Amino acid sequence: MSPATLQEHSSVETFFNVVETETLALFEHLSFDFLEEFDVFAPAETGRTRDHEPPEMMRGFLHCYYKDIYGILPVERELQNTVVWLSCGFDRPPSRDAVDRFLTDLEHVVDEIFDHLVEQAARRGLLDLTYCIDSTEVRTMPADQDASKCYDPTAEEYYYGCTIVSTGQKIPIAAEFTESKQAPEETAMRVTRDALAVEQPIWMVGDSAYDTLDWHDHLLAAGVVPVAPYNARNTDDPKDIEYRVEDRITEHSKDVQLKQSTLDETYNRRTGVERTNNAVKDCGLGHVRARGRVHARAQVFLALCLRLVVAITNYERGDNPGSTVISV
């Protein structure tokens with residue numbers, strides 16, 4: 001049943017008053033039909049078909065994450081609400097088995113779905129010329145045996161991690177789920193390459209954890225200026241510089257100069273990735289309600305997807321002065 005059909009019925013007037021500026025707005029400018037192209041959502045060889053199509057299920061999960069609802073049972077209960085399942089495009093509410101099956105299949109392709117939404121944001125011109133990279137903690141459920149590498153004895157909590165590259169107005173454009181908060185250099189390099197594959201910026205900003213030669217040289221070779229504070233503790237003979245890029249440019253190019261004030265101003269933009277991290281945590285990344293690395297990773301990427309959907313929605317609705325901006 002489409003929104004246009006629903007509008008013909010006076011009995012659902014209250015429905016539109018409730019969701020016009022919330023969940024329904026999230027789905028107004030984006031189509032999730034591309035999900036049907038993934039093999040994981042194809043009918044089983046036995047001929048079994050799905051009771052509900054992937055686009056509707058995706059909208060259902062995004063609605064629940066927007067409402068801070070997580071887990072198979074809570075999601076299934078929320079989607080029993082007539083207003084909710086109608087706004088998400090269902091012709092009837094999904095069963096618990098349908099919710100569980102979709103999430104299980106989604107775990108195999110959720111990062112590819114994130115990449116698709118990043119492309120949608122890029123096509124709308126939401127990316128700017130400064131990228132920021134940072135890692136953040138992802139609190140786990142109690143006694144998650146897979147989250148054994150990062151433990152906070154004070155809070156008595158285990159953590160996973162997520163490395164995110166962001167740009168623009170709290171737009172995540174590349175990410176990777178990690179076993180601990182601080183990502184290894186290999187992960188940082190992979191996420192950096194993924195970000196550059198979307199669009200090439202002018203600047204790439206990171207904290208002193210990214211003061212590595214490989215990271216700097218890779219970016220410079222790609223025509224991007226890396227800005228990360230020089231970590232003098234990495235050597236017994238520290239250089240008199242503030243940022244590693246000063247030394248790399250001096251070594252590799254006699255024709256390029258960067259003012260200290262320019263580097264300082266650019267590094268100050270790093271607060272953008274912190275705002276992105278906080279926004280994604282509000283979308284569900286902050287504390288996963290799923291036990292086990294695979295399930296937790298799926299929730300993290302769903303939170304990233306929701307943040308992109310919110311950003312794209314706000315951009316599209318910004319063309320209409322009468323539209324309400326979606327929070328998060």
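Here is a walk through the structure above, from its salt bridges to its surface and its turns. Keep in mind that this is a predicted model.

Let's start with charges. Side chains of opposite charge can pair when their charged atoms come close. In this model you can find 15 salt bridges. We'll visit a few of them, beginning with the one between Arg297 and Asp111, where the closest N and O atoms are 3.4 Å apart. This pair ties together distant parts of the chain, since Arg297 belongs to helix 14 (residues 293–317) and Asp111 to helix 8 (residues 110–123), with their positions 186 residues apart. How covered up are the two partners? Arg297 has a relative accessible area of 17% and is buried, because buried means under 20%. Asp111, at 23% relative accessibility, counts as partly exposed.

Now stay on helix 8 and look for Arg123 and Glu119. Their side chains meet in a salt bridge, with 4.0 Å from N to O. Here the partners share helix 8 and sit four residues apart, which is about one turn of the helix. What about their exposure? Arg123 counts as exposed because its relative accessibility is 64%, and exposed means over 50%. Glu119 comes out as partly exposed, at 40%.

Next, find Arg190 and Glu176. The side chains of these two also meet in a salt bridge, again 4.0 Å from N to O. This pair links distant parts of the chain too: Arg190 is in helix 9 (residues 185–198) and Glu176 is in strand 4, 14 residues apart. Arg190 is partly exposed, with a relative accessible area of 30%, while Glu176 counts as buried at 16%. And here's a nice twist. Which residues are linked with Arg190 and Glu176 in a network of salt bridges? They are Asp111 and Arg297, the pair we met at the start.

Some charged residues form a patch on the surface. Asp33, Glu36, Glu37 and Glu53 make up a negative surface patch. To find Glu53, look in the loop between helix 3 (23–26) and helix 4 (54–66). Glu53 has a relative accessibility of 37%, so it counts as partly exposed.

Let's turn to helix 10, which covers residues 213–221. Which of its residues are buried? Trp215, His216 and Leu219 are. Look down the axis of helix 10 and you'll see that its buried residues fall within an arc of 95°, so they line one face of the helix. After helix 10 comes Gly223, which has a positive phi, near 85°.

That brings us to backbone angles. Most residues other than glycine have a negative phi, and most peptide bonds are trans. With that in mind, have a look at Asp68: it isn't a glycine, yet its phi is positive, at about 65°. Asp68 sits in the loop between helix 4 and helix 5 (72–78). With 48% relative accessibility, Asp68 counts as partly exposed. Lys170 is another non-glycine residue with a positive phi, this time of about 60°. You'll find Lys170 in the loop between strand 3 (157–167) and strand 4 (171–178). Lys170 is partly exposed as well, with a relative accessible area of 28%.

Finally, let's see how residues apart in the sequence are placed in space. Leu126 is in the loop between helix 8 and strand 1 (130–139). Is Leu126 buried or exposed? At 15% relative accessibility, Leu126 counts as buried. Although Leu126 and Thr167 are 41 residues apart along the chain, their C-alpha atoms are separated by 8.3 Å. You can try the same exercise with Val225, which lies in strand 6 (residues 225–227). Val225 counts as buried, with a relative accessibility of 17%. From Val225 to Ile249 there are 24 residues along the chain, and the C-alpha atoms of the two are separated by 9.5 Å.

Conventions. Residues numbered from 1 in each chain as written. Predicted model: local features only at pLDDT ≥ 70, side-chain atom pairs only at ≥ 80, totals over all residues. Heavy atoms only, no water. Patch = residues over 30% accessible without salt bridge, like charges linked within 9 Å, V, L, I, M, F, W, Y side chains within 5 Å. Areas by Shrake-Rupley, 256 points an atom, 1.4 Å probe, with all protein chains shown as cover. Lys, Arg positive; Asp, Glu negative; His and termini not counted. Charge placed at Lys NZ, Arg CZ, Asp CG, Glu CD. Helix = DSSP H or I, 4+ residues; strand = E, 2+ residues; numbered from the N terminus. Buried < 20%, exposed > 50% of the residue type's maximum accessible area, 1.4 Å probe, protein only. Arc of directions from axis to C-beta.
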